Amino acid sequence: MIAIGLEGSANKIGIGVISHPSSNKPPIVLANLRHTFISPPGEGFLPKDTAIHHRAWVVRLIKQAVQQAGAKVSDVDVICYTKGPGMGPPLQSVALAARTISLLWNKPLVGVNHCVGHIEMGRAITHAQNPVVLYVSGGNTQVIAYSQQRYRIFGETMDIAIGNCIDRFARTLMIPNDPFPGYNVEQYAKRGKNLVDLPYTVKGMDVSFSGILAAADLLAGQISDDVSYGKRLKSEEGDLITKEDLCFSLQETIFAMLVEITERAMAHVGTSQVLVVGGVGSNERLQDMMGLMARDRGGSGFATDERFCIDNGIMIAHAGLLEYQTGVTTSLEDSTCTQRFRTDEVFVGWRD
Amino acid sequence: MATVRTITLPHYPSYPIHICMFRDVTNAAFLRSQLLEANPDFDYAFLDPSMILSPSHLLGGTFLALHASLLSRAKTRTPHSELVFRLHPNNNIGEAYRKFGISDSSTAIIAVKLGLGPEVTNERVSQHLGEHVQGESVNVGEEAERVGDWCDVGKVRKVYKLENPKKKGGKKGAQINGVGKEVDERREMESVILGMITLKGS
Amino acid sequence: MSTTNMASTASDAQPPTTPPPTQPLHALPQPFTTSNLEVLTQGAEALVYKTTFLTPSTPCVLKYRPPKLYRHPILDKRLTKARLLAEARVLVKCRREGLSVPAVLGGDWESGWLVLEWIGGRTVRAVLDEWVHKFGLRARDGKTSEEEVKRELDEGLMEVVAEEKESQEAREGLMRLMQMVGRAVGKLHEIGVCHGDLTTSNLMLRTPERKEVVGRGPPRMTVSAQREAAMSGQDPPEVIPVQQEETKETNSLEGDVVMIDFGLATQTIHEEDRAVDLYVLERAFTATHPAAEHLFQEVLRCYGESFKGAKTVLKRLADVRLRGRKRTMIG
């Protein structure tokens, strides 16, 4: 069976084509295309502009994907699109495109939960059987474990998402948004060496980032060249603190929080496997930390590369096709989208 | 010869603790002067027994002092002065000596010697203390259980700023579980004190 | 921390000695060695051992927070120290106020360990499990359909339990236990502490002990194998052996309630935190058995009477219940 997936919940539009061969063979990626709306340094992406971007690209990408997949439209069994969660206008643009091709091609629709898309793609790529999932992106921060037909949320952010925290800090430091701010912060962090104290806010299995961002923003104000030397932020050894040090400190602090709550969830459910998904999951330092923790628990950490952990159409196609194979479709009337759509609302009929 | 009880703390078996108790002491001033002169022959912790609530109280302070000394984290000159210091709830060393150490007029003494080297044996401590402490050596018991016998509970409570449960009209303490159970006052105090001296300075 | 030279030269090429992945290595901090420790739990946060402290006859719990390799060493030290200190401070505060919690016997924040008083007895979870087990058998005897059994459990369990004199005693014992739990939590909140992880596994029913004067005689704490079973998450044994000397006067529900594991405790007087404590406890009760909800009502009743302001916490609890712990998030 073949599915086409349309993703556009944030600033990336992704179109993917996947094939699930019969029996238990692994899925085959036929096409996985993406285009990212990049805002200038110091600015985030606004919903309206992002929606315009997605509308401008969607037709081109669908055509290209179908062509690259080497499939005929008649080969496609189902059209999968991101129902939510995400930003309203871009979600609507892509849902509209999905409805349109559904009518044009006369194919059924399946609305997919974006988070479930990430989880299922991560499982398919890494072959992690039943991992605790850390889902970290610009809009989400959740620790998830599967139990009885649901992906249950064990812990999550109490305020902003981790990716949002990193992106906003990048804006404060005027770090470029191309290819994406988290990547650039990671490169800065690799050159940082001084750890600056930041708040560390873990409560049970939940985390909070807004206070840390506020503290980091304040510190950023103390490293500018405009500040007199005497008032500049310095390390214990007297070195001037740099942008690199701040990026390093931010990463070390917030990633440690994530690993901590993930470890707590693993101890709680008694598993030693962990899977990191979502855009922030492409960060090598986070992957390393997660691996160290998992190894310490006698298990292993799994992650995917940026093709699959950054928002993409293939994960929507994959999760949608899994659901379609259990007999579920979304009728045209119900093919809405929603900004709020919790991971644990989805009935996971395709797992034991 | 004085009656010295040698105790080993769990987890620190290589550092035996030699404990000895005296009453009717007549030369406390001399002993104190030796401490002040830092005479290496008189490297002991001489404690005021009225300030020692129980064996665990003494051993708790001893453990912390020994541990700090072995990890080079002691705040005072010797492991023995560290013991006097550790027993006190705050960080003032002079105050610790005034409250837990002996005075020139002390007539009762608990002497503690940490076995930090092979030369420190029960016999040697017994001989040395027997020679130099003028007073009657008292048997502290198998597990030093009599160490708290001369305690002035009121004084201890004051130094550690512990409230007297009797003054609270039975509202607190054992009442919380709804059963008017008689609380062992000393044990309650000991539990709090061990926590306080562990937490001190941090 | 050892410093490793990243760029090793060919001449000193030695295969890196990494610990085998299945055998996490945790060097114990001085003075502890594996020889005199018995592992109780290996949580995400701390390794918990049973050992002795100060005297060979004083059982205790050693909590060790090993360094987390994934964390920056400076951050790791800072967190370990802050958390151990917070836990110890809360425990000492509780003891000062006369609450039943384990005493702090010793500790070293720099090295990451804390020694706590041993609490003998069973967890409230084990008590409830045993009760459900007994009752479950009783209900099934005369009933045919699963549904009837369920309804019985939900509605009329107290009456059924009270059928016999023995059951009457059990019921009173359970109610007394619930009252103790309610008051203990109330007292904790009153003095400005929230537990942070208030499950039935973190409430102990301490076995009654014989009176002794400090500084005299044999071991002070009773040691119970039940405790270990409970802490390691095994099923509680069906028959609860009672201390032999006390068989005459002690039924298994006697004793007092002791709260343990203050690793996530905070000093707070916020209604929200208090309500969440109760909510977590409520969920632990209902997770044991739907019928345990009846018992929890008694906990709440006593909590409500335990301090000024408790009633408003109960109102807040209703909000927390409705909301659940989880909020709907913007994606």
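**Figure 1. Salt bridges across the predicted model.** Over all chains, the structure holds 44 salt bridges, a salt bridge being a side-chain nitrogen of Lys or Arg within 4 Å of a carboxyl oxygen of Asp or Glu. The model is predicted, so local features need pLDDT of at least 70 and side-chain atom pairs count only at pLDDT 80 or more, while totals for chains, interfaces and linings use all residues. Residues are numbered from 1 along each chain as its sequence is written, chains are lettered from A and ligands numbered from 1 in the order in which they are written, and side-chain values use heavy atoms, with hydrogens and water left out. Side chains of opposite charge can pair when their charged atoms come close.

**Figure 2. A salt bridge within helix α3 of chain B.** B:E82 pairs with B:R86, and their closest N and O atoms are 3.1 Å apart. Both residues belong to helix α3 (residues 79–87) of chain B, where they sit 4 residues apart, about one turn of the helix. Helices (H or I, at least four residues) and strands (E, at least two) are DSSP runs, numbered from the N terminus. B:E82 is buried, at a relative accessible area of 0%, and B:R86 is also buried, at 11%. Here buried means under 20% relative accessible area, exposed means over 50%, and partly exposed lies in between (1.4 Å probe, protein chains only).

**Figure 3. The salt bridge of B:R157 and B:E185.** The two side chains meet at 2.3 Å, N to O. The pair links distant parts of the chain, 28 residues apart: B:R157 is in helix α6 (residues 153–159) of chain B and B:E185 in helix α7 (residues 185–199) of chain B. B:R157 counts as buried at 9% relative accessibility, whereas B:E185 is partly exposed, with a relative accessible area of 23%.

**Figure 4. A salt bridge between chain C and chain B.** The side chains of C:R95 and B:E188 form a salt bridge of 3.1 Å, N to O. C:R95 lies in helix α1 (residues 73–96) of chain C and B:E188 in helix α7 of chain B, so the pair joins two chains. C:R95 counts as buried at 6% relative accessibility, while B:E188 is partly exposed at a relative accessible area of 25%.

**Figure 5. A network of salt bridges with residues of chains A and C.** A:E260, A:R264, C:E45, C:R65, C:R71, C:D76 and C:R83 are linked in this network. Among its members, C:R71 and A:E260 meet through their side chains in a salt bridge of 3.7 Å, N to O. Across the interface of chain A and chain C, the rule finds 6 salt bridges.

**Figure 6. The interface of chain A and chain C.** In this interface, 39 residues of chain A are in contact with 28 residues of chain C, where contact means heavy atoms within 4.5 Å. The two chains bury about 3000 Å² between them, 53% of it on carbon and sulfur atoms; buried area is the accessible area (1.4 Å probe) that two parts lose on being put together, summed over both. A:R295, A:D296 and A:R340 supply 19% of the area that chain A buries against chain C, more than any other three residues. The count of residue pairs in polar contact between the two chains is 7 (both at pLDDT 80 or more). A polar contact is a pair of N or O atoms within 3.5 Å; within protein, one must be able to donate a hydrogen and the other to accept it, and residues adjacent in sequence count only if both atoms are side-chain atoms. On the side of chain A that touches chain C, two or more residues come from each of β8 (150–156), β9 (202–203), α7 (243–269) and α8 (284–296) of chain A. The element that gives the most to this side is α7(A), with 9 residues.

**Figure 7. Helix α5 of chain A.** Of the 11 residues of helix α5 (residues 181–191) of chain A, 8 are buried, so the helix is largely enclosed by the rest of the structure. The buried residues include A:V185, A:E186 and A:Y188. The buried residues of α5(A) pack against α4 (162–172), α7 and α8 of chain A.

**Figure 8. The surroundings of B:R146.** B:R146 is placed in the loop between β5 (136–138) and α6 of chain B and is partly exposed, with a relative accessible area of 38%. Not counting residues up to four places away in sequence, B:R146 touches B:M21, B:N139 and B:V140. The C-alpha atoms of B:R146 and B:S54 are separated by 7.8 Å, although the two residues are 92 residues apart along the chain.
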